[in-house]
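Please look over the model below, first as a whole and then element by element. The report that follows takes up helices, cores and sheets in turn.

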Amino acid sequence: MPVFLDPAKNHIEPGFLFNPPHEHAFRLSDSALADTLFKRFGVHEMDFAWWDEPAQTMNLLEVKDYSTAPFVAEHYVNECAQKATDCLLLLASMWYGLPYGPSVSECVPDEWHTRPVAPPRLHLFFVLKEPPSADARATKDPFGMSALEDKVRNRMRGRIELLKLTPATKLFLMNHRIAAGRLLPITTEEDFVREPEPARTKHPRKR
């Protein structure tokens, strides 16, 4: 049985808040697979997942806060490729009837049970939070996300083809500002606006 996120809440991942777009968004780390595959065997999962009905698309999202932490491009590329590979292998075990397939199918919604073709599709989003624009190092793209995206796509190309997912799968790397422009259901903690507290009624002073 999938463990769905409460759509009425924002769900915290360091530096980010995820706002589930509907009642069937989920985290693989909350599933029954967590204690075996993720913790015991070190399989890497991505942070959030949801199904986009109008686009007929499975979406996996990984976020990382580098607004204050040091950024090492090669490490980030390796991390993205590893997480993408592990998640594809995890889902493929269900699509191709591998031993862990039944366990995986119990942890994801029905829309995820069939191997994606075009359409439906599979999108993997990797979003990082860059330093504030006031930072002396900052430019419009201080980490060179376009070049990093090309590196991860090149590294993943053969793995995606081996699983016969090439026509349906797209992988994206972007910073948090571009993610906001693409209307991904996340925001940074700084950008999250809380509901204002009701104004207190002022009573006239007694003379």
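In this predicted model, helix 2 consists of 23 residues and spans 33 Å from its first C-alpha to its last, close to the 33 Å expected at 1.5 Å a residue. The helix is mostly covered, with 17 of its 23 residues counted as buried, and it is followed by Gly97, whose phi is positive, near 65°.

**Nonpolar cores**

Helix 2 also gives the most to the largest nonpolar core, which takes twelve residues from this helix. That core has 42 residues, of which Leu60, Tyr76, Trp112, Phe126 and Leu173 touch the most other members. The elements that each supply at least two residues of the core include helix 1, helix 2 and helix 4, together with strand 3, strand 4, strand 5 and strand 6. In soluble globular proteins, nonpolar side chains tend to be buried together.

Which residues does Leu60 contact, leaving aside its neighbours within four places in sequence? The partners of Leu60 are Met46, Phe48, Ala49, Cys87, Leu91, Trp112, Leu122, His123, Leu124 and Phe125. Apart from the largest core lies another, of 15 residues, among them Phe18, Trp50, Val127 and Phe172.

Several of the elements that supply at least two residues each to the largest core are set out here with their residue ranges.

| Element | Residues |
|---|---|
| Helix 1 | 34-40 |
| Strand 3 | 48-52 |
| Strand 4 | 57-65 |
| Helix 2 | 73-95 |
| Strand 5 | 121-129 |
| Helix 4 | 145-162 |
| Strand 6 | 169-175 |

**Strand pairing**

Strand 5 and strand 6 run parallel and are joined by seven bridges, and within this pairing Leu124 stands opposite Leu171 of strand 6. Strand 6 is mostly covered, since six of its seven residues are buried.

Three strands form an open sheet in the order 1-2-7, with antiparallel pairing. Strand 1 (11-13) and strand 7 stand at the edges, and because each has a single partner strand, one side of each is left without a neighbour in the sheet. From one strand to the next, the twist averages 30°. Strand 1 is joined to strand 2 (residues 16-18) by three bridges, the two strands running antiparallel, and the bridge partner of Glu13 in strand 2 is Phe16.

Is Thr188, in this sheet's strand 7 (residues 186-188), buried or exposed? Thr188 counts as buried because its relative accessibility is 5%, and buried means under 20%. Leaving aside neighbours within four places in sequence, Thr188 is in contact with Gly15, Phe16, Lys129 and His176; Phe16 is thus a contact of Thr188 as well as the bridge partner of Glu13.

**The chain as a whole**

The protein chain has five helices and seven strands, and along the sequence these follow the pattern β-β-α-β-β-α-α-β-α-β-α-β. Of its 207 residues, 43% count as buried. Among contacts between residues at least 6 apart in sequence, 67% join residues at least 24 apart. The accessible surface of the protein chain comes to about 12200 Å², with 54% of that area belonging to carbon and sulfur atoms.

Key:
Residues are numbered from 1 along each chain as its sequence is written. This is a predicted model: local features need pLDDT of at least 70, side-chain atom pairs count only at pLDDT 80 or more; totals for chains, interfaces and linings use all residues. Side-chain values use heavy atoms; hydrogens and water are left out. Buried means under 20% relative accessible area, exposed over 50%, partly exposed in between (1.4 Å probe, protein chains only). Contact means heavy atoms within 4.5 Å. Two strands pair if DSSP finds at least two bridges between them. Helices (H or I, at least four residues) and strands (E, at least two) are DSSP runs, numbered from the N terminus. Axes are lines fitted to C-alpha atoms, for helices over the stretch in contact, and angles run from 0 to 180 degrees between N-to-C directions. A nonpolar core is a set of buried Ala, Val, Leu, Ile, Met, Phe, Trp, Tyr and Cys residues joined through side-chain atoms within 4.5 Å. Accessible areas come from the Shrake-Rupley method with a 1.4 Å probe; for residues, only the protein chains shown count as cover. The expected span of a helix is 1.5 Å times one less than its number of residues.
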